Amino acid sequence: MSRIGELLVKAGKLTPEQLQQALAAQQDQGGRLGTHLVKLDFIEDEDLVEFLSQRYGVPAINLADVEVDETILKVIPPDVCRKYTILPVSKAGAKLTIAMVDPTNVFAMDDIKFMTGYNVEPVVASESSLRVAIDDYYGSTHSIELKKVMEDLAVSDDADLEVLDEEEDLDLAALEQQSEEAPVVRLVNIVMTDAIKRGASDIHIEPYEKEYRVRYRIDGLLYEMMRPPIKLKEAITSRIKIMAKLDIAEKRLPQDGRIKIKTRLANKIKDLDFRVSVLPTIFGEKIVMRLLDKDALMLDMTKLGFETDPLRRFEQAIFRPYGMVLVTGPTGSGKTNTLYSALSRINTPEVNIMTAEDPVEFNLQGINQVQMKEQIGLNFAAALRSFLRQDPNIVLVGEIRDFETAEVAIKAAMTGHLVLSTLHTNDAPSSINRMMNMGIEPFLVASSVHLVVAQRLVRTICLQCKEPVDVQPQALVNVGFNKAELKSMKLFRGRGCERCSGTGYKGRIGLFEVMEIEDETRELILSGGSAYELRQKALENGMVSLRLSGLQKIRDGITTIEEVMRETVQ
């Protein structure tokens, strides 16, 4: 929102001194910049809404004059409305109109799009009117709590009441002692070593009201492994917290830590890292441990799953002296592995490579890696500015999340640096529109971005129990195969064996969609082409889509139709 402040100063609606005063209040008290500008009487609510409306070409709305239908209110839960300060206003076909304070908040719009399945159309409203409307339509948080208490009282009537303390007195010495007892230590060790043996990427330890559950994420899917006695819940949590050097007395706030262990597997000593996240839930603290195994990191680009031509295009882009290469996909789609592989490919003693990551997952030899620390102001944009004073050749930015980071990254790409980064979008063409939605001018995007890679991970068929399978021809046509190739095609599946724990799958491989930004595509970006038009142009120029990449993996007998359909759309 400081970008809005600068625009207001340029438009003469605010003095630089007023902006600084509001920014200081924001830093001190948190919240939105616009809230503080209005609170300090530097600008009227209505003027701010009108300015945002004109600046971003988004209609303004006066919520006092609007009556929202109850069916529309049910589309978005009240907690989401409060989180983003938004309100659903109307619905037409697949389009949902939402009133919001900041029409540039693409994260809010993405969340709602994923949650509801509707295309989101923003309109601007003042923050104060939105808060009043949310309370009017959904009930204020205070009134909801009061209503629940009254209902509970009505139900309980004159029943005997036993008052329990919400916060139990913590006996830290007892907790530490319990966590060091042999059964607990042994159980935690078994959970961690078993996860390593099974090739799990994450361990989930979850408390519920009457049970305690341990699940492993193997090849992208969660499997329940054991249910330890619920009475060991506190001791197990404390044991893991002590190992991760976390505060065992703090049970109300999320905590993050790291466990480094050395273990013997198949007569080989392995050094492993577990990234630990502790989150308070209503029945205790949920723990997720992400296993970081450097031996499992695939740095050979030829084995990631690229087809021949897309790999050639990708390598050409990362060997360029300047410009931007983006890797896009959802969380857990292997973006970090792809970027690390690219860095390993171009890492030579003659170049200075610097990375800004949150978190640094693996240490790479000869590369300067910086861990982000938001609480002290070290974010991607700040790190990137510092990097440019460190004479870099190649810069990796963990993720482009906002206008500020995008702006600095684009400038770096245009001033003789190769910039690698990630975005969260569904496919390669929509990454271009995402950059422009963040506020980057089309001509800057067109001239700086050289290539975009979208990727997904699919499970591969277990080689030990792989067998041919017959599939209905119509099912193959529905997935995207040509009728002409059906006669000669051989399809496979995994029967299920001990090696793959009966799933039929062992390991994962990437599906890649590589979009090169060529001259025709640049012209389309400059003329404001939609993601659909960019996609059609890229396909004309030889781009292999995620679905086509998946079909090739099915032809090669690497994966199954079910896996490709789970991760891609036609």
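In this predicted model, the buried residues of helix H22 are Leu546, Arg547, Ser549, Gly550, Leu551, Lys553 and Ile554. Helix H22 spans residues 546–555, and because seven of its 10 residues are buried, the helix is largely enclosed by the rest of the structure. A reader following the chain may like to know what provides this cover: strand S15 (449–461), helix H19 (473–479), strand S17 (491–494), strand S18 (505–516) and helix H23 (561–567) are included among the covering elements. Just after H22, the backbone at Gly557 adopts a positive phi of about 75°.

A helix pair comes next. Two packed helices are described by the angle between their axes and the distance between the axes. For helix H20 (residues 519–526) and helix H21 (residues 531–540), the packing angle is about 170° and the axes lie 10 Å apart. Angles over 145 degrees count as roughly antiparallel, and H20 and H21 are therefore roughly antiparallel to each other. On the H20 side, the contact is made by Glu520, Thr521, Leu524 and Ile525, while H21 contributes Glu533, Leu534 and Lys537. Sorted by character, the residues of this contact between H20 and H21 comprise three nonpolar, one polar and three charged.

Elsewhere in the chain, attention turns to a pair of strands. Strand S2 (residues 95–100) pairs with strand S3 (residues 119–124) in the parallel sense, over six bridges. Within this pairing, Thr97 stands opposite Glu121 of S3. To get from S2 to S3, the chain passes through helix H7 (residues 106–116), and the resulting β-α-β crossover is right-handed.

Terms used. Residues are numbered from 1 along each chain as its sequence is written. This is a predicted model: local features need pLDDT of at least 70, side-chain atom pairs count only at pLDDT 80 or more; totals for chains, interfaces and linings use all residues. Side-chain values use heavy atoms; hydrogens and water are left out. Two strands pair if DSSP finds at least two bridges between them. Helices (H or I, at least four residues) and strands (E, at least two) are DSSP runs, numbered from the N terminus. A crossover is right-handed if, with the strands pointing away from the viewer, the path from the first strand over the helix to the second runs clockwise. Buried means under 20% relative accessible area, exposed over 50%, partly exposed in between (1.4 Å probe, protein chains only). Contact means heavy atoms within 4.5 Å. Axes are lines fitted to C-alpha atoms, for helices over the stretch in contact, and angles run from 0 to 180 degrees between N-to-C directions. Angles under 35 degrees count as roughly parallel, over 145 as roughly antiparallel, 65 to 115 as roughly perpendicular and the rest as oblique. Ala, Val, Leu, Ile, Met, Phe, Trp, Tyr, Cys and Pro count as nonpolar, Asp, Glu, Lys and Arg as charged, and the others, Gly among them, as polar.
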